[in-house]
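These are my notebook entries on a sheet and on one loop residue. I set down what I looked up, item by item.

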Amino acid sequence: MGKVGKRTKKAMEAFNGKSNVSIEEAVKLVKSNATAKFDETIEIAMNLGVDTRHADQMVRGVVGLPNGTGKSMRVAVFARDAKAQEAKDAGADIVGAEDLMETVQAGTIDFDRCIATPDMMPIVGRLGKVLGPRNLMPNPKVGTVTVDVTEAVKAAKGGEVQFRAEKGGVVHAGIGKASFDEKQLVENVNAFIDAVAKAKPTGTKGSYMKVITLSSTMGPGVTVSIDKSAG
């Protein structure tokens with residue numbers, strides 16, 4: 001194991017003995033120890049009592065964080081003609097059809113969110129193996145397959161976060177930056193936990209929310225008490 005740096009060691013000491021704290025305490029601890037030379041992302045990870053191999057236990061959704069993510073989102077839109085122009089007017093970074101499909105197939109994915117109009121799905125469907133593993137595949141359930149291109153682009157640019165349970169039942173996302181004030185981060189954490197709680201699938205058995213952890217990009221994590229969060 002490599003040598004632990006002074007900053008990391010100090011952060012680990014600050015976290016020592018801290019677990020199952022309130023959201024407010026967790027935010028304060030993580031934020032105060034996010035001392036890297038860049039604006040670290042504050043991240044949440046939730047270990048859920050689901051088996052994603054079963055369709056009725058899949059957790060997926062979208063949430064608009066009240067204070068945004070602090071991240072500049074690059075948005076790609078698959079659309080033609082008037083809808084393509086609508087996407088450009090709404091602020092989409094990349095707009096195209098077959099040409100965009102070929103770019104993605106060639107391995108260039110220069111965007112964080114992908115939106116498509118329904119008529120473009122036969123084309124986008126060919127990209128499932130490329131976009132799927134990156135959680136970029138447009139899906140009507142989270143509003144990224146839609147005729148309302150303007151609203152979808154604005155939502156993506158305005159701090160909307162998609163989430164999906166991965167193998168092992170883990171959901172994770174960036175919910176703000178270390179430069180946010182504590183109140184903003186607490187509001188974002190609460191909004192995210194509430195959205196995941198509401199996305200509880202019908203096939204869940206036993207405890208749904210098992211472990212919630214907050215951390216910063218370069219810092220250690222601290223567990224949040226389930227009783228003091230969404231219940």
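Entry 1, strand pairing. I worked from a predicted model throughout. I began with strand β3, residues 75–78, and found four bridges joining β3 to β5. The two strands run parallel. I then looked up A76 and noted that its bridge partner in β5 is C114.

Entry 2, the sheet. I asked in what order the strands of this open sheet lie. The order is β4-β3-β5, three strands with parallel pairing. I recorded β4 (94–96) and β5 (113–116) as the edge strands, since each pairs on one side only. For the twist, I noted that neighbouring strands of this sheet are turned by 15° against each other on average, direction ignored.

Entry 3, the helix on the sheet. I looked up which helix lies across β3 and β5. It is α7, residues 149–157. I noted that α7 runs at about 160° to β3.

Entry 4, D181. I located D181 in the loop between β7 (170–177) and α8 (182–198). Is D181 buried, partly exposed or exposed? Its relative accessible area is 40%; therefore I entered D181 as partly exposed, the class between under 20% for buried and over 50% for exposed.

Entry 5, surroundings of D181. I checked what the side chain of D181 reaches, and found the backbone nitrogen of K183 at 3.2 Å. I also compared D181 with V27: the two are 154 residues apart in sequence. In space, C-alpha to C-alpha, D181 and V27 are 9.5 Å apart.

Terms used:
Residues are numbered from 1 along each chain as its sequence is written. This is a predicted model: local features need pLDDT of at least 70, side-chain atom pairs count only at pLDDT 80 or more; totals for chains, interfaces and linings use all residues. Side-chain values use heavy atoms; hydrogens and water are left out. Two strands pair if DSSP finds at least two bridges between them. Axes are lines fitted to C-alpha atoms, for helices over the stretch in contact, and angles run from 0 to 180 degrees between N-to-C directions. Contact means heavy atoms within 4.5 Å. Buried means under 20% relative accessible area, exposed over 50%, partly exposed in between (1.4 Å probe, protein chains only). A polar contact is a pair of N or O atoms within 3.5 Å; within protein, one must be able to donate a hydrogen and the other to accept it, and residues adjacent in sequence count only if both atoms are side-chain atoms.
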